[in-house]
Amino acid sequence: MRLILLRHGETDWNALDRYQGHTDIELNAEGERQARRAAGGPVGDLIEDAEELVAVCSPLARARHTAEIVLQARVGAASVALDPELVELAGGEWEGLELSAIAERWPDEHRLWRAEPALDAGPVGGETLRGGGGRALRALRGHVPSHWGDTPRDGGAQTLLAVAHGALIRAATGLLLRHEGEAFAAMERIGNARAAVLQGAFAPDTGAEGWGDWTLEGYNI
């Protein structure tokens, strides 16, 4: 199966570099334009080419609106499941603050979040990247139709699209690829209305082998 993890378009808080977390902020005009560009680009092509498509998204407005724009443009009125497990990492004491203020008050925690990201780092009083990424992957595994595992297909004939949030997507991608330490720190941030695209299959449970065997087809596309 193909897994497309698409970040929502820009909001006013993104433009101000404020930590949004669980705060429900809508797309701004630029975010809507970004979603339309995503629909017209390679992510939209992959969605349209899928023989079987399952679409899920975070219930926060910025993700829902992005999903609606992209799907309407490429496949019409598609059904989208809202899953609260796909919301962004809880911001704790950082929720609503600009990153410059966070860096001034919590320099070490900010460094591990932005300059040298670590899977076990996260907002003070909030959620770690590892915790949020694992939460999202457990939810996504539950959205995979049972017959996909019974009849594996090549390429992206079976496609799971998840529209969610930047930190969550980077963390989930890192976990799928088993990136730790420097390998995870080297992964760039996912831009607004950009996606990580992977090919593989979920393991029945995480265990010692992680989340299954996955390869990266595209990142920040």
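This is a friendly exchange about the pockets, the cavity and the helix contacts of a predicted model.

User: Let's start with the helices. Why is H3 called oblique to H4?

Analyst: The axes of helix H3 (residues 42–49) and helix H4 (residues 61–75) cross at roughly 60° and come within 9 Å. Angles of 65 to 115 degrees count as roughly perpendicular and those under 35 degrees as roughly parallel, with the rest, apart from those over 145, called oblique. The crossing angle therefore makes H3 oblique to H4. As for its hand, H3 passes H4 in a right-handed crossing.

User: How do you know that H3 and H4 are in contact, and which residues meet?

Analyst: Contact means heavy atoms within 4.5 Å. On that basis Gly44, Asp45, Ile47 and Glu48 in H3 meet Val70, Leu71, Arg74 and Val75 in H4. By class, this contact of H3 with H4 has four nonpolar residues, one polar and three charged.

User: What makes one residue of the contact of H3 with H4 polar?

Analyst: Gly counts as polar in this scheme, and Gly44 is among the H3 residues that meet H4.

User: Why is H7 called roughly perpendicular to H9?

Analyst: Here the axes of H7 and H9 cross at roughly 80° and come within 8 Å. The band for roughly perpendicular runs from 65 to 115 degrees, so H7 is roughly perpendicular to H9. The contact of H7 with H9 holds nine nonpolar, three polar and two charged residues. From H7 it includes Leu129, Ala136 and Leu137, and from H9 it includes Leu168, Ala172 and Leu176.

User: Which three residues make up the polar part of that contact?

Analyst: Gly132, Gly133 and Gly134 of H7 are in the contact with H9, and Gly is counted among the polar residues.

User: H4 has another neighbour in H2. How do the axes of H2 and H4 cross?

Analyst: The axes of helix H2 (residues 29–40) and H4 cross at roughly 35° and come within 9 Å. H2 passes H4 in a right-handed crossing. On the H2 side, Glu32, Ala35, Arg36, Ala38, Ala39 and Gly40 take part, and they meet His65, Thr66, Ile69, Val70, Ala73 and Arg74 in H4. The classes in this contact are six nonpolar, three polar and three charged.

User: On to the empty spaces. What makes one of them a cavity and another a pocket?

Analyst: A 1.4 Å probe fits in a cavity but cannot get out, whereas a pocket is an open set of points. The structure holds one cavity of 30 Å³ or more, and the largest cavity has about 40 Å³ of space.

User: How do you know what class of residue lines the largest cavity?

Analyst: The lining consists of Leu5, Leu86, Ala136, Leu140, Ala162, Ala164, Leu168, Ile169 and Ala172. Ala, Leu and Ile count as nonpolar, and the lining divides into nine nonpolar, no polar and no charged residues. Helix H7 (129–143), strand S4 (158–164) and H9 each supply at least two of the lining residues. The largest share, three residues, comes from H9.

User: What surrounds the largest pocket?

Analyst: The largest pocket has a volume of about 410 Å³. It is lined by 21 residues, of which Arg7, Asn14, Glu88, Arg114 and Arg189 are the closest to its centre. Helix H1 (12–15), helix H6 (107–115) and helix H9 (166–176) each give two or more residues to that lining. H9 gives the most, with three residues. By class, the lining has six nonpolar, seven polar and eight charged residues.

User: And what lines the second largest pocket?

Analyst: About 200 Å³ of space lies in the second largest pocket. Of its 12 lining residues, Met1, Val144, Trp148, Gly149 and Ala201 are the closest to the centre. Helix H8 (146–150) and strand S5 (195–202) are the elements that give two or more residues to this lining. The classes here are seven nonpolar, four polar and one charged.

Notes: Residues numbered from 1 in each chain as written. Predicted model: local features only at pLDDT ≥ 70, side-chain atom pairs only at ≥ 80, totals over all residues. Heavy atoms only, no water. 1 Å grid on protein atoms, 1.4 Å probe; cavity = no way out; pocket = protein on both sides within 12 Å on 5 of 7 lines; lining within 4 Å. Points joined across faces, edges and corners; volume = space filled by probe spheres on them. Helix = DSSP H or I, 4+ residues; strand = E, 2+ residues; numbered from the N terminus. Axes fitted to C-alpha atoms, helices over the stretch in contact; angles between N-to-C directions. Left-handed = near helix turned anticlockwise from the far one by under 90°.
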